[in-house]
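Visitor: I should like to learn how to read the features of a structural model, one at a time. Please show me the structure and begin wherever you prefer.

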Amino acid sequence: LPLRRALMGLAPGPSDVFVDLGSGKGKALLVAGRLPYRRVVGVEIDEELSRYSRRNIERVRPRLRAQEVESITASVLEWPIPDETSVVFMYNPFIGQTFRAAASQIFESYDRRPRTLHIVYRYPWEHDWLVSTGRVVVDSVRPGNWPARPRWWQSGHVIVSYRVVGNAAGSQSR
């Protein structure tokens, strides 16, 4: 429910593309797939998890609204972020250098084709670094649990939605 609410808050439409980096068994793909995205893509390095995700997608396909839902087995560092991507979701799949390299790929995609691009990040361990880049602004912070617990914003269990903005020089900023 918290992820669904965070994604619905972005008002996805039939031209939007959702990408889940580190998609695991595909739970976020199923949530996004029930919304009106044009394309929903999960990228998972582990073949077994990716295969499990594909089985889950096929099991619920009749209930999916997205035009295309798929799980790809690949490293997020080698898989190019499609330039039509409008939402990148991460359930804290990696930290440190791997996170920074993945974020750089997101920013490069935005720089090639400036557009409305959101990063939805659950358990945002790399929040401080991400904000320090000057490449994102926080759009919303939501509880990661439902029902929300008292003082939920003080825990790390939050879902933060960021909007990607122009490069540090300020060009393409929106």
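Guide: Let us begin with a single side chain. R54 has a relative accessibility of 30% and counts as partly exposed; the term covers values between buried (under 20% relative accessible area) and exposed (over 50%), with a 1.4 Å probe and protein chains only. The model is a predicted one, in which local features need pLDDT of at least 70 and side-chain atom pairs count only at pLDDT 80 or more, whereas totals for chains, interfaces and linings use all residues. Residues are numbered from 1 along each chain as its sequence is written, and side-chain values use heavy atoms, with hydrogens and water left out.

Visitor: With which residue does R54 form a salt bridge?

Guide: A salt bridge here is a side-chain nitrogen of Lys or Arg within 4 Å of a carboxyl oxygen of Asp or Glu. The partner of R54 is E47, at 2.9 Å from N to O. E47 is likewise classed as partly exposed, at 34% relative accessible area.

Visitor: How many salt bridges does this rule give?

Guide: The count is 10. One of them joins E84 to R39, with 3.7 Å between the closest N and O atoms. E84 belongs to the loop between β3 and β4 (87-90) and R39 to strand β2, so this pair ties together parts that lie 45 residues apart in sequence. Helices (H or I, at least four residues) and strands (E, at least two) are DSSP runs numbered from the N terminus. Of the two partners, E84 is partly exposed at 31% relative accessibility, while R39 is buried at 15%.

Visitor: Which residues do D111 and R135 resemble in this respect, and how far apart are their closest N and O atoms?

Guide: They too form a salt bridge, with the closest N and O atoms 2.7 Å apart. R135 sits in the loop between α5 and β6, and D111 in helix α4 (residues 96-112), so the pair ties together parts 24 residues apart in sequence. R135 is buried, with a relative accessible area of 7%, whereas D111 is partly exposed at 37%. Salt bridges can also share partners: R39, E68, E70 and E84 are joined in this way into one network.

Visitor: How should one read a helix, and which residues of α3 are buried?

Guide: An α-helix has 3.6 residues a turn, so residues three or four places apart point the same way. Helix α3 (residues 47-60) has 14 residues and spans 20 Å from its first C-alpha to its last, close to the 20 Å expected, the expected span being 1.5 Å times one less than the number of residues. Its buried residues are S50, S53, N56, I57 and V60. Viewed down the axis of α3, these fall within an arc of 115°, so they line one face of the helix; the arc is that of the directions from the axis to the C-beta atoms. E48 and R59, on the other side of α3, are exposed.

Visitor: What covers the buried residues of α3?

Guide: The cover includes α2 (27-33), β2 (39-44) and β3 (68-73), where contact means heavy atoms within 4.5 Å.

Visitor: Let us turn to the backbone. Which residue has a positive phi of about 40°?

Guide: Most residues other than glycine have a negative phi. N92 is not a glycine, yet its phi is positive, at about 40°. N92 lies in the loop between β4 and α4 and is buried, with a relative accessible area of 17%. Y123, also not a glycine, has a positive phi of about 55°. Y123 is placed in the loop between β5 (118-122) and α5, and at 27% relative accessibility it is partly exposed.

Visitor: How far apart in space are H157 and G144?

Guide: Their C-alpha atoms are 5.0 Å apart, although 13 residues separate them in sequence. H157 is found in the loop between β6 (136-143) and β7 (158-164), and at 14% relative accessibility it is buried. For S132 and G24, the C-alpha distance is 28 Å and the sequence separation 108 residues. S132 is part of helix α5 and is exposed, at 57% relative accessibility.
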